[in-house]
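Hi,

Here is the structure I promised to pass on to you. Have a look at it first, and then read my notes underneath.

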Amino acid sequence: MPYRPSKQFKKTLIGTGIAVVLAALNAPATLGFAQERLHEYRISRPEYMARYGSWEVMDVPSQYQTNAIHAALLHTGKVLLIAGSGNNQEEFDAGTFATILWDPSDDTFERIPTPEDLFCAGHAQLADGRMLVAGGTARYEVLDGDVKRAGGAMRVKNENPDEPRTFPEGTRFRSPAGKEYVSTAPVLVPRAQKTTDDAGEVTVTASEATVFVEAVEEGEEYVTEEAAQYEIVGLEGKAADNLYGLAEKIDLSKQDFQGIRDSFEFDPVAEKYVRVDPMAEARWYPTLVTLPDGTVLSVSGLDEVGEILQGDNEIYDPRTRSWSTGPKRYFPTYPALFLVDDGKLFYSGANAGYGPADKGRVPGIWDLGANTFDEVGGIKDPDQLETASSLLLPPAQNQQVMVLGGGGVGESEKSTARTAIVDLTRKDPAYRDGPPLPEPTRYLNSVILPDDTVFTTGGSRDYRGRGDSDILAAQIYDPRTERFTEAAAPEVGRNYHSEALLLPDGRVATFGSDPLYADKDNTRLGTFEKRIEVYTPPYLHGERGENRPVIGDGPVRLAPGGEATYATKDAGRIAKARLLRPSAVTHVTDVEQRSVALGLERGSDEVTLSVPDDRSLLPPGWYMLVLTDDAGTPSVAKWVHLP
């Protein structure tokens, strides 16, 4: 059938023609317009989209627009977008916390009641399909020069072995000099530990809990640089002897964000948060990673006084909905930790922020059982792993991890085009250089596609897009050829607080971005990007997109080491079968996504798939089953469950 241009195409062509004529008549004001129309015409051509893909900015009703800090794909096919206070202190002070549920199948939205400020929490997929969300924000930062009331950490001690004690927010602590400081949050101090030795001698060891305090009044006279013991105002007699505070210093230095202990499971069927036991430690910017048995390890974060945790990690058990102590090891915040062979975790070196530049930055393999850490070297620009992207390359059986881009620690101007790949199956694994990115990039989002390629998009050259440095470009990386190919460029810039994830229909959705400034001269403050933009890869355009494989009837429940048969009239051309774990991403950190190859046998109108018997490859949970044909075109995903 001959190609017949659409009405929209004719309008675009006519408009482009007029614009070009005007430009030719030396009308400078129309030159940019002409170029823009010519670009629109070019990227709308079917042959262009079949080669580079296409983008679409979604129409999100104003009441559902939000500062998407976290994005997670649920097994219902809907996307959970968590803002919490959305890096907006006015929303935090007002107690206005947001979560939006987006259904990409029909572009409908729903606002979900959000019980606490889950801004900068951690999240992971649970075996039953619920989403564990832990940590968040207790208090916003106060920058140097803006701190008016001296503040600091107060360690509250309890020498009474018979009872714990809870002190409410607003509890006063008095220094030896008579200065008073007030707590900014409630604090529970456990009972003291009482032990008796073989000789019958009793030893009491004081317990402690930490709370942030600030002076009751402004002024430098409340600053103290010396360690001291503080009485708790209102306590008398024995209680005053047993309960007291200790502080190293209370001053006017910068006060960092502070974390919360709260934990929730988001139920994707009931579409609501369910409160579960809190963590022992408050956490802001933690990483949550699923382990082979379905438990979840919570790592790093800033605590209730804004100090980075020194290796106090915890494990969540979904069966009891409670936390226990995990292996102790220090990492900077939002470390990229990937589950690999033998239940070990590989730390790619990528992270998203807080912590000193000389601690916890070296990549390596963490054996949780022995609590040992074998460093992995060889990476170029090791000082530029903050805000880097990293992922377990497809298929996961190859045990190769890639790091892409990144920047210097903190507000550094540094960024790198470096990519690096490590093969963890080698006896002494080490990073080697991969192909460079087109330009130095931090905050790059990387998404595993069903055809075993990796889509990378967005980012900026400078910290939080300073100097109008957002990168409106995208690439597709092929692990087999180790080459990038150009993809269609997005319209929306993405830097800090941005996310991207794979949808069940094979498209990629992008969210968020929190630029520091809105202009090249860094004079106008930036605003949070609320638009959702969706990329349709080349495999969904043209004849390929019109002739997608279809998965028919077959089991929803799979077993590791088992087989499953699915009806499909496309059996003869099916080349690959993959299980893709759905994403849970924030701060370009997505340790959940992975693509696992399945064994494939073709029948006449069916395929039989064999599932690996390795929980380090396939931790329990819901997965997207995708069949890909010999042209690299994927089916729409079918949701399957590995209990």
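Before anything else, a word on terms: strands are DSSP runs of E, at least two residues long, and they are numbered from the N terminus. Two strands count as a pair if DSSP finds at least two bridges between them. Keep in mind that this is a predicted model.

With that in hand, start at strands 45 and 46. A hairpin of three residues links strand 45 to strand 46. The two strands, residues 599-602 and residues 606-610, run antiparallel and share four bridges. If you want a spot to click on, glycine 599 sits opposite serine 610 of strand 46.

Next, the sheets. As general background, strands of a sheet pair through backbone hydrogen bonds, and they can do so parallel or antiparallel.

One open sheet has five strands in the order 5-4-3-2-43, paired antiparallel. Which strands stand at its edges? Those are strand 5 (108-111) and strand 43 (584-586); each has a single partner strand, so one side of each has no neighbour in the sheet. From one strand to the next, the twist averages 20°. Inside this sheet, strand 3 (residues 79-84) and strand 4 (residues 98-103) are antiparallel and joined by five bridges. Valine 79 stands opposite tryptophan 102 of strand 4.

Another open sheet has four strands, ordered 6-7-20-21, again with antiparallel pairing. Its edge strands are strand 6 (122-125) and strand 21 (272-276), each of which pairs on one side only. Here the twist averages 25° from one strand to the next. Strand 20 (residues 263-267) runs antiparallel to strand 21, with five bridges between them, and aspartate 267 stands opposite lysine 272 of strand 21.

Now for strand 42 (residues 574-581). Is it enclosed or not, and why? Six of its eight residues are buried, so strand 42 is largely enclosed by the rest of the structure. It has antiparallel partners too: six bridges join strand 42 to strand 47 (residues 621-629), and four join it to strand 44 (residues 594-597). Isoleucine 574 stands opposite aspartate 629 in strand 47, while leucine 580 has serine 595 of strand 44 as its bridge partner.

On to the empty spaces. Searching the whole structure turns up six cavities of 30 Å³ or more. The largest cavity has a volume of about 80 Å³. Its lining includes Gly122, His123, Tyr334, Ala584 and Thr586. Strand 6, strand 22 (287-290) and strand 43 each give at least two residues to that lining. Sorted by class, the lining of the largest cavity has five nonpolar, five polar and one charged residues.

There are pockets as well. The second largest pocket has a volume of about 1,000 Å³. It is lined by 38 residues, and the closest to its centre are Asn87, Glu141, Tyr463, Arg464 and Leu516. The lining of this pocket splits into 15 nonpolar, 15 polar and eight charged residues.

Finally, a few single residues to look up:

- Tyrosine 334, which you met in the cavity lining, is in the loop between strand 25 (322-325) and strand 26 (337-339). Its phi is near 45°, a positive value in a residue other than glycine. Buried or exposed? Tyrosine 334 has a relative accessible area of 1%, and buried means under 20%, so it counts as buried.
- Aspartate 342 is in the loop between strand 26 and strand 27 (345-347). Its phi is positive as well, near 65°. At 67% relative accessibility, with the cut-off for exposed being over 50%, aspartate 342 counts as exposed.
- Threonine 456 belongs to strand 35 (residues 454-457). It is buried, with a relative accessible area of 0%. The side chains of threonine 456 and glutamine 475 make a polar contact of 2.9 Å.
- Proline 394 and proline 395 are joined by a cis peptide bond, with omega about -15°. Proline 395 lies in the loop between strand 30 (389-392) and strand 31 (400-404).

Have fun exploring!

Notes:
Residues numbered from 1 in each chain as written. Predicted model: local features only at pLDDT ≥ 70, side-chain atom pairs only at ≥ 80, totals over all residues. Heavy atoms only, no water. 1 Å grid on protein atoms, 1.4 Å probe; cavity = no way out; pocket = protein on both sides within 12 Å on 5 of 7 lines; lining within 4 Å. Points joined across faces, edges and corners; volume = space filled by probe spheres on them. Nonpolar A, V, L, I, M, F, W, Y, C, P; charged D, E, K, R; others polar. Axes fitted to C-alpha atoms, helices over the stretch in contact; angles between N-to-C directions. Buried < 20%, exposed > 50% of the residue type's maximum accessible area, 1.4 Å probe, protein only. Polar contact = N/O pair within 3.5 Å; in protein donor to acceptor, adjacent residues only side chain to side chain.
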